[in-house]
Amino acid sequence: MTGPRTERGRLLLVLALAAAVTAFTATVPLLRGFFDLRVYYGTVHTWVHHGGLIYDYRVPGTQYGFTYPPFAAVLMLPLAPLGRTTAIAASLVVNTAALGVVLRVLAGDDWRRHGWYRWSLALCALALFEPLRDTFSFGQVNVVLLALVLIDARLLSSGRGRWAGAGIGLAAAIKLTPALFIGLLLLAGRRRAAAQATAVAAGVTALAALVDPAASRFYWTRALWDTSRVGRLDYVSNQSLQGVLARLGETGRPLWALAVLGTLCVWAWRGRRAALTGDWTAAFALTGAAACLVSPITWVHHLVWLLPSFAVLLRAGHRSLAGALYAVLCTSVVWLWFDDASGPDGFLGSNLYTWITLGLLLGLPIGQPRAALPLPLALPLARSASAIAAAPSPASPAPTAVPDQSSSSGAPDVAAATGAAEAAGRGLGRSPSSEPTGST
């Protein structure tokens with residue numbers, strides 16, 4: 001099947017797809033009300049304007065507060081003078097810019113040859129990708145972290161590895177998960193880059209300790225080890241190995257530790273092979289997938305780390321497989337098991353994104369260091385856009401932000417500045433909106 005041959009026909013197709021995607025995102029998946037941005041915004045405003053403590057703040061009406069390392073709060077200080085609308089606009093601009101960096105790196109040096117038409121189709125497909133649309137709608141930072149890490153991948157693959165490491169170090173200081181990429185550098189024998197990443201992470205972490213010693217002490221001695229601050233392990237949005245075990249009722253650490261050890265062994269073997277062949281895109285893709293699996297909590301929006309894996313599949317010519325897996329990750333299908341993940345169907349369906357991540361770790365093609373992507377992220381993905389746009393809404397949709405409630409303590413409700421989506425799924429025994437994923 002070929003697309004329109006004329007510029008007018010292509011423009012009409014792009015406009016039609018854009019309209020279908022807009023209708024889909026406005027009606028089928030529920031918007032998240034910039035919940036995580038509310039956490040960041042409320043934390044920074046309480047800290048700067050009211051003398052509050054970073055890790056004591058909670059979004060009114062919820063138990064959720066700031067869970068990142070202190071340097072992340074320091075980096076978010078520019079939110080302090082902003083109002084609600086400006087903060088939301090800034091989040092959208094930063095995430096859009098970061099997505100542009102990600103696409104530029106994944107498309108390679110000949111990105112211009114794809115032209116406006118293919119890039120437009122790719123953007124329509126990306127707008128359907130559940131982890132990406134959730135990242136934008138939550139006001140999350142995942143795409144920014146991915147961009148920082150991929151800049152290092154670009155430096156390594158282009159022979160400028162002497163400058164690599166700073167992006168990984170910054171990402172690891174903002175959130176701990178990207179620290180696994182330092183392990184990849186060590187496995188690949190890139191000690192200089194690993195040392196640079198470690199030095200950057202340590203340096204900015206020390207800076208945060210100087211800015212707020214009490215917050216740093218609390219985070220590294222207490223908050224880091226308390227997963228209850230982040231959310232329930234068995235919540236269906238947790239698509240990590242720990243989430244799979246928790247939904248099975250297995251909450252003990254030994255079995256999870258064994259699963260993590262096995263996963264890390266596979267990652268170390270495959271990631272090192274990819275890096276030693278010069279296939280840094282695959283090496284970073286494998287590391288992103290492994291990080292999602294071994295993290296105690298991997299919310300659905302964290303799965304933007306799988307985008308490099310789809311780039312690798314397309315580059316290797318596996319268009320049908322990439323399109324099928326991508327389509328599944330656009331459907332919000334795991335939320336069908338929000339209320340009950342028991343039985344064989346619950347085991348398979350509620351963990352479907354985990355199985356995709358595991359499959360990518362085990363089977364992603366490696367050893368193609370400089371092959372160009374056939375298309376920017378995917379024409380085959382875009383071809384299925386109309387079918388995805390017609391996908392039914394999950395029976396139990398994803399959570400929305402909890403509306404702010406007045407605080408009994410008399411503290412100013414600064415988090416309300418970013419607004420909240422109306423809770424959905426009324427009439428259910430347990431509303432998904434009661435379980436936001438928080439600032440994770």
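In this predicted model, Phe310 is in contact with Phe129, Ala322, Leu325, Tyr326 and Leu329, once its neighbours within four places in sequence are left aside. Phe310 is also one of the residues with the most contacts inside the largest nonpolar core, a title it shares with Phe66 and Phe284. That core has 122 residues, and its largest share, 11 residues, comes from helix H14. As general background, nonpolar side chains tend to be buried together in soluble globular proteins.

From the core we can turn to charged side chains. Side chains of opposite charge can pair when their charged atoms come close, and a search of the whole structure finds three salt bridges. In one of them the side chains of Arg32 and Asp134 meet, with a distance of 3.0 Å from N to O. Arg32 lies in the loop between helix H1 (7-27) and helix H2 (35-49), while Asp134 lies in helix H6 (residues 130-138), so this pair ties together parts that are 102 residues apart in sequence. Are the two partners buried or exposed? Arg32 has a relative accessibility of 2% and therefore counts as buried, and Asp134, with a relative accessible area of 3%, is buried as well.

Another salt bridge joins Asp279 and Arg315, whose closest N and O atoms are 2.9 Å apart. Here, too, the pair links distant parts of the chain, since Asp279 sits in the loop between helix H13 (253-276) and helix H14 (280-294), whereas Arg315 belongs to helix H15 (residues 307-315), 36 residues away. Both Asp279 and Arg315 are buried. The remaining salt bridge is formed by the side chains of Asp234 and Arg232, again at 3.0 Å from N to O. Asp234 is partly exposed, with a relative accessible area of 34%, and Arg232 is partly exposed at 29%.

Helix H2, which comes after the loop that holds Arg32, deserves a closer look. At 1.5 Å a residue, its 15 residues should span 21 Å, and because its end C-alpha atoms are 21 Å apart, the expectation and the model agree. Of these 15 residues 13 are buried, so H2 is largely enclosed by the rest of the structure. H2 is followed by Gly51, which has a positive phi near 70°.

The backbone angle phi leads to two further residues. Most residues other than glycine have a negative phi, yet Phe34, which is not a glycine, has a positive phi near 55°. Phe34 is found in the loop between H1 and H2, and its relative accessibility of 19% means that it counts as buried, the cut-off being under 20%. Ser332 likewise has a positive phi, near 60°, and its place is in the loop between helix H16 (319-328) and helix H17 (343-349). With a relative accessibility of 6%, Ser332 counts as buried.

Finally, an unreviewed UniProt entry lists several spans under "transmembrane region", among them residues 163-187 and 320-338. How much of each span is helix in the model? Residues 163-187 are 68% helix and 0% strand, and their end C-alpha atoms lie 18 Å apart. Over residues 320-338 the chain is 47% helix and 0% strand, with the end C-alpha atoms 29 Å apart.

How values were computed: Residues numbered from 1 in each chain as written. Predicted model: local features only at pLDDT ≥ 70, side-chain atom pairs only at ≥ 80, totals over all residues. Heavy atoms only, no water. Salt bridge = Lys/Arg side-chain N within 4 Å of Asp/Glu carboxyl O. Helix = DSSP H or I, 4+ residues; strand = E, 2+ residues; numbered from the N terminus. Buried < 20%, exposed > 50% of the residue type's maximum accessible area, 1.4 Å probe, protein only. UniProt positions renumbered as here; feature names shortened; annotations may be inferred. Expected span 1.5 Å × (residues − 1). Core = buried A, V, L, I, M, F, W, Y, C linked by side-chain atoms within 4.5 Å. Contact = heavy atoms within 4.5 Å.
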